[in-house]
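User: Hi! I am new to reading protein structures, and I would like to go through one with you, question by question.

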Amino acid sequence: MITTARVPADKPVRIAFSLNETEDDDAPENSFALAFPELDQQLQPLPPCHDSTESMQVYKQHCKIAEEYHEVKKEIALLEERKKELIARLEQVEKESMDAAQLAKEYAELTEENRTLKLAQTQCVEQLEKLRIQYQKRQGSS
């Protein structure tokens, strides 16, 4: 015996069924309890008319589509999360790359400054040596 009940439109409906093609004679009357809570109310599969094979097929097809929709939404969420991770990683790599480029530039500048300072030191040492020699010559001639 099949029983039906009126459910207000604003109340969620849970419906279950088997997608297997075989019919189970021992199945309970209330076998439509599969829920799609993630679907908007207007997208929820409506309970089928138990007397109509076509209605049952449409209902099963609607449920399969709802399951596929759920899987696609789940995959989109995972892909969006992966996208966020990749963007964060890319930003980190770009920052590190910029840091490395900045360090390389700074290293080149410091190396050039070091070379200039060593050259200046060498010139100062040579000039000091010349001044010592001149001073010693003056000391020796006086």
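User: Is Glu129 buried, partly exposed or exposed, and what is its relative accessible area?

Analyst: Good place to start, and keep in mind that this is a predicted model. Buried means under 20% relative accessible area and exposed means over 50%, so a residue in between counts as partly exposed. Glu129 falls in that middle class: it is partly exposed, with a relative accessible area of 41%.

User: Which residue forms a salt bridge with Glu129, and how far apart are the closest N and O atoms?

Analyst: Side chains of opposite charge can pair when their charged atoms come close. The two partners here are 3 residues apart in helix H1, so about one helical turn separates Arg132 and Glu129. Arg132 is partly exposed too, with a relative accessible area of 46%. The salt bridge partner of Glu129 is Arg132, with the closest N and O atoms 4.0 Å apart.

User: What is the N to O distance in the salt bridge of Glu71 and Lys74?

Analyst: Both Glu71 and Lys74 lie in helix H1, 3 residues apart, about one turn of the helix. Glu71 is partly exposed at 44% relative accessible area, and Lys74 is partly exposed at 43%. Their side chains meet in a salt bridge, with an N to O distance of 3.5 Å.

User: Which residue forms a salt bridge with Arg82?

Analyst: Look about one helical turn along H1, where the partner sits 3 residues apart from Arg82. Arg82 and its partner each have a relative accessible area of 42%, so both count as partly exposed. The closest N and O atoms are 3.8 Å apart, and the partner is Glu85.

User: How many salt bridges does the count come to?

Analyst: We have already met three pairs: Arg132 with Glu129, Glu71 with Lys74, and Arg82 with Glu85. These are among the full count, which comes to 5 salt bridges.

User: How far apart are the end C-alpha atoms of H1?

Analyst: The protein has 1 helix and 0 strands, and H1 covers residues 53–141. At 1.5 Å a residue, its 89 residues should span 132 Å. The model agrees with that expectation, because the end C-alpha atoms are 130 Å apart.

User: Which residues make up the largest nonpolar core?

Analyst: In soluble globular proteins, nonpolar side chains tend to be buried together. Here, 8% of the 142 residues count as buried, and in H1 the buried ones are Tyr59, Cys63 and Ala66. Ala66 touches Phe36, Leu39 and Pro45, leaving aside residues up to four places away in sequence. The largest nonpolar core has 5 residues: Phe36, Leu39, Tyr59, Cys63 and Ala66.

User: Over which residues does pLDDT stay under 50?

Analyst: The mean pLDDT of the protein is 81, and 75% of its residues reach 70 or more. Where pLDDT is low, the predicted coordinates should not be read in detail. That caution suits one stretch with 20 contacts beyond four places in sequence, where pLDDT stays under 50: residues 21–34.

How values were computed: Residues are numbered from 1 along each chain as its sequence is written. This is a predicted model: local features need pLDDT of at least 70, side-chain atom pairs count only at pLDDT 80 or more; totals for chains, interfaces and linings use all residues. Side-chain values use heavy atoms; hydrogens and water are left out. Helices (H or I, at least four residues) and strands (E, at least two) are DSSP runs, numbered from the N terminus. Buried means under 20% relative accessible area, exposed over 50%, partly exposed in between (1.4 Å probe, protein chains only). A nonpolar core is a set of buried Ala, Val, Leu, Ile, Met, Phe, Trp, Tyr and Cys residues joined through side-chain atoms within 4.5 Å. Contact means heavy atoms within 4.5 Å. pLDDT is the predictor's confidence in each residue, from 0 to 100. The expected span of a helix is 1.5 Å times one less than its number of residues.
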